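Please look through the sequence and the structure shown below, and keep both at hand while reading. The paragraphs that follow go from strands to helices and then to single residues and ligands.

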Amino acid sequence: MNQTIKRRIGGTTIVACLIFMFIFAIINNLPQYEIRTSSSAEKEILDDIGIAILVDWKLKKAMEDLISGMLPSIKHFKPMHIVLFSESDVSSDYQRRVRQVTNHTIHFILIEFNFPKDFDVNMPSPVKKSNRRSKWGYMHMCEFWFKHIWHNPLTQKFRYLMRFDTDSCFLNQKYKLEYNDSLVYLHGLFTWEGAYITDLRKHILDYVSKYNIEPKNPAMFKVIQDNPSKLPMYYNNIEIVKIAFMLKKEVQHFTDYMQATKGQFLYRWGDAPLRYATLALFSKPTEITALDLKGSYKHSCNGGY
Ligand SMILES: *[C@@H]1O[C@H](CO)[C@@H](O)[C@H](O)[C@H]1NC(C)=O
Ligand SMILES: *[C@@H]1O[C@H](CO)[C@@H](O)[C@H](O)[C@H]1NC(C)=O
């Protein structure tokens, strides 16, 4: 008698459990779909750090520089992914030659430059005619490094991105990639921009007061505040950037705000003073540090600075 009751209770419990698990699985499955997509996207991470290079309009020179200078100079790096962004097609012959000189994995990515919304392309360019291939090419490149690169699907397959120029290289094999998870930015040398900064400081300060921003890096912000005729920047032809930082909501908000001013096109604002401002507002002092290049980085490799 006792046994039967026990068995019956046991049976009911098991059935109840099954029903509960079934409902739980259904409910749980709905929101989990999203979680699964994002974790499967995470699995597509190619590497912790990749190298990004924007090939400018002197395509042939860029390829020759890569083949003879840049790529051989990083052969001591662990095997890496190197992403070559360019606005025009790299011939299959150059693709083959580039891949021949290196064991790193090379990706050739075609990009398309677009103008800011409602931009009047007929207005005068802020860059002198002698200094350019196309009227807006330079401004497009600056905007790419300020905003668009962080949204590229391939970029997002790395956690950090090291930027490099086609004509840069390392002269000896002393430099090793060194960064850690607590850092969002590793910077090059500090300098000032005095030329192409029309209204830039004003827009940064306007943004801070309009949105009540409390700069996370007060010392860096003070340098912006205290110098009305020039703006601080780090040379960023070499830099290591945490991608998740650039994609943070507040960083994107600032980026979009600055982009909406069209200042990069109207006044040729460089991406370097914009990067400095971004770091001053949104990165903590402990999150940024200088690249320790051990004196071996050279830009440009074939002479120049
Ligand atoms: C690529 O790796 C192989 C095997 O380690 C090595 O023999 C070769 O020299 C490397 N090539 C380059 C271009 O570094
Ligand atoms: C990360 O690197 C910075 C700068 O070199 C250093 O100050 C910090 O202690 C490092 N943090 C960790 C967790 O290694």
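How many bridges join β4 to strand β9, and do the two run parallel or antiparallel? The model, which is predicted, has four bridges between β4 and β9 (residues 239–242), and these strands run antiparallel. One place to see the pairing is M162, which stands opposite I240 in β9.

Strand β4 also pairs with strand β1. Six bridges join β1 (residues 47–55) to β4, and here the strands run parallel. M162 appears again in this pairing, as the bridge partner of I51. So M162 has a partner in β9, namely I240, and β4 covers residues 158–164, of which five of the seven are buried. A residue is buried if 20 or more other C-beta atoms lie within 10 Å of its own. Because five of its seven residues meet that cut-off, β4 is largely enclosed by the rest of the structure.

Another parallel pair is made by β2 (residues 81–86) and β3 (residues 105–110), joined by six bridges. In this pair, S86 stands opposite L110 in β3. Helix α3 (residues 92–100) belongs with these two strands: β2, α3 and β3 make a right-handed β-α-β unit.

These elements are part of a longer list. The chain contains 10 helices and 11 strands. Of its 305 residues, 27% are buried. Among the contacts with a separation of 6 or more, 90% are between residues 24 or more positions apart.

Now turn to the helices. Helix α10 (residues 271–282) has 12 residues, which at 1.5 Å a residue should span 16 Å, and its end C-alpha atoms are 16 Å apart, so the two values agree. How much of α10 is buried? The count is 12 of the 12 residues, so α10 is largely enclosed by the rest of the structure. Among the buried residues of α10 are D271, R275, Y276 and F282. Helix α8 (residues 249–260) also has 12 residues; the expected span is 16 Å and the end C-alpha atoms are 16 Å apart, which agrees. Just after α8, K262 takes a positive phi of about 65 degrees.

Two single residues show how positions far apart in the sequence can be compared in space. A244 lies in helix α7 (residues 243–246). A244 counts as partly exposed because it has 13 C-beta neighbours inside 10 Å. A244 and R159 are 85 residues apart along the chain, with their C-alpha atoms separated by 7.0 Å.

The other residue is Y175, in the loop between β5 (168–170) and β6 (185–187). Is Y175 buried or partly exposed? Y175 has 19 C-beta neighbours inside 10 Å, so it counts as partly exposed. Y175 and Y297 are 122 residues apart in sequence, yet 8.1 Å apart in space, C-alpha to C-alpha. Leaving out residues up to four places away in sequence, Y175 touches F170, L293, K294, S296 and Y297.

Last come the ligands. K75, V101, T102 and N103 surround ligand 1. Sorted by class, this shell has one nonpolar, two polar and one charged residues. Ligand 2 is surrounded by N180, S182, L183 and T289. The shell around ligand 2 divides into one nonpolar, three polar and no charged residues.

Definitions and conventions. Residues numbered from 1 in each chain as written. Chains lettered and ligands numbered in written order. Predicted model: local features only at pLDDT ≥ 70, side-chain atom pairs only at ≥ 80, totals over all residues. Pairing = 2+ DSSP bridges. Right-handed = clockwise from strand over helix to strand, strands pointing away. Near = placed C-beta within 6 Å. Nonpolar A, V, L, I, M, F, W, Y, C, P; charged D, E, K, R; others polar. Expected span 1.5 Å × (residues − 1). Contact = placed C-beta atoms within 7 Å.
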